[in-house]
Amino acid sequence: DKVEFRDQLLYMGIVEPLLLNLARPANMTLLNNVVWTISNLCRGKPSPDMVYLQPLLHPLADLLNKSVSMDVLVDVVWALSYLSDGSNDRIESVMHTGVTTKLVEFLADMNSQLTAPTVRCLGNFVTGSDIQKQ
């Protein structure tokens with residue numbers, strides 16, 4: 001909950017071991033914990049520096065198309081919503097992963113746990129530049 005601790009972890013290189021565990025999790029419990037951790041590293045004001053988090057974007061986006069738990073999906077979408085909250089560059093970085101179509105698909109089930117983070121993420125997208133809104 002303290003951005004100072006978050007920033008210190010990012011500065012000290014926590015992303016690299018998290019990426020290794022995203023790529024080859026030993027089990028689903030570990031994947032749940034890793035994605036939850038990443039989601040928490042992406043949140044807070046001021047927003048974390050994208051220099052540290054950029055390597056996580058495509059691996060997170062890839063999880064949206066894999067057979068994973070609902071908890072993993074929810075935390076991935078929350079992470080993407082935090083990462084796309086802010087400047088047009090942040091929005092573009094997330095949109096560039098190709099997640100928009102999948103996020104729109106998630107809206108089909110309005111009772112899903114994915115609704116709130118999906119609406120938040122897509123809402124960030126439409127606050128971007130005119131090109132991003134298309």
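**Val-34 and its contacts**

I looked up which residues Val-34 touches, leaving out those up to four places away in sequence. The list is Leu-18, Asn-21 and Leu-22. The model is a predicted one, and I read the entries below with that in mind. Val-34 is found in helix α3. I then checked its exposure: the relative accessibility of Val-34 is 5%, and since the cut-off for buried is under 20%, Val-34 counts as buried. I also took one C-alpha to C-alpha distance, from Val-34 to Leu-19, and got 8.8 Å for a separation of 15 residues in sequence.

**Helix α3 against helix α6**

Next I turned to the helix that holds Val-34. Two packed helices are described by the angle between their axes and the distance between the axes, so I looked up both. The axes of α3 (residues 28-42) and α6 come within 8 Å and cross at roughly 20°. Angles under 35 degrees count as roughly parallel, and therefore α3 is roughly parallel to α6. The crossing in which α3 passes α6 is left-handed.

Which residues make the contact? On the α3 side I listed Leu-31, Asn-32, Val-35, Trp-36, Ser-39 and Cys-42. On the α6 side I listed Asp-71, Val-72, Asp-75, Val-76, Trp-78, Ala-79, Tyr-82 and Leu-83.

**Aromatic pair in α6**

Trp-78 and Tyr-82 are both in that contact list, and I followed them up in a search for ring pairs. The count comes to one aromatic pair. Trp-78 and Tyr-82 form this pair, with 5.8 Å centre to centre and 20° between the planes, and the pair is stacked. Both residues lie in helix α6 (residues 70-83), four residues apart, which is about one turn of the helix.

Are the two partners buried or exposed? Trp-78 has a relative accessible area of 23% and is partly exposed. Tyr-82 has a relative accessible area of 14% and is buried. The cut-off for buried is under 20%, so Tyr-82 at 14% is buried, whereas Trp-78 at 23% is partly exposed.

**Cysteines**

Cys-42 also appeared in the contact between α3 and α6, so I searched the whole structure for disulfides and noted zero. Cys-42 is in no disulfide, and the nearest cysteine sulfur, that of Cys-121, is 11 Å away. Cys-121 is likewise in no disulfide, and its nearest cysteine sulfur is that of Cys-42. A disulfide needs sulfur atoms within 2.5 Å, which is why a pair 11 Å apart does not count. I checked exposure here too: Cys-42 is buried at 1% relative accessibility, and Cys-121 is buried at 0%.

Key. Residues are numbered from 1 along each chain as its sequence is written. This is a predicted model: local features need pLDDT of at least 70, side-chain atom pairs count only at pLDDT 80 or more; totals for chains, interfaces and linings use all residues. Side-chain values use heavy atoms; hydrogens and water are left out. Rings of Phe, Tyr and Trp (its six-membered ring) pair if their centres lie within 6.5 Å; planes under 30 degrees apart count as stacked, over 60 as edge-to-face and the rest as tilted. Helices (H or I, at least four residues) and strands (E, at least two) are DSSP runs, numbered from the N terminus. Buried means under 20% relative accessible area, exposed over 50%, partly exposed in between (1.4 Å probe, protein chains only). Axes are lines fitted to C-alpha atoms, for helices over the stretch in contact, and angles run from 0 to 180 degrees between N-to-C directions. Angles under 35 degrees count as roughly parallel, over 145 as roughly antiparallel, 65 to 115 as roughly perpendicular and the rest as oblique. A crossing is left-handed if the near helix is turned anticlockwise from the far one by less than a right angle, and right-handed if clockwise. Contact means heavy atoms within 4.5 Å.
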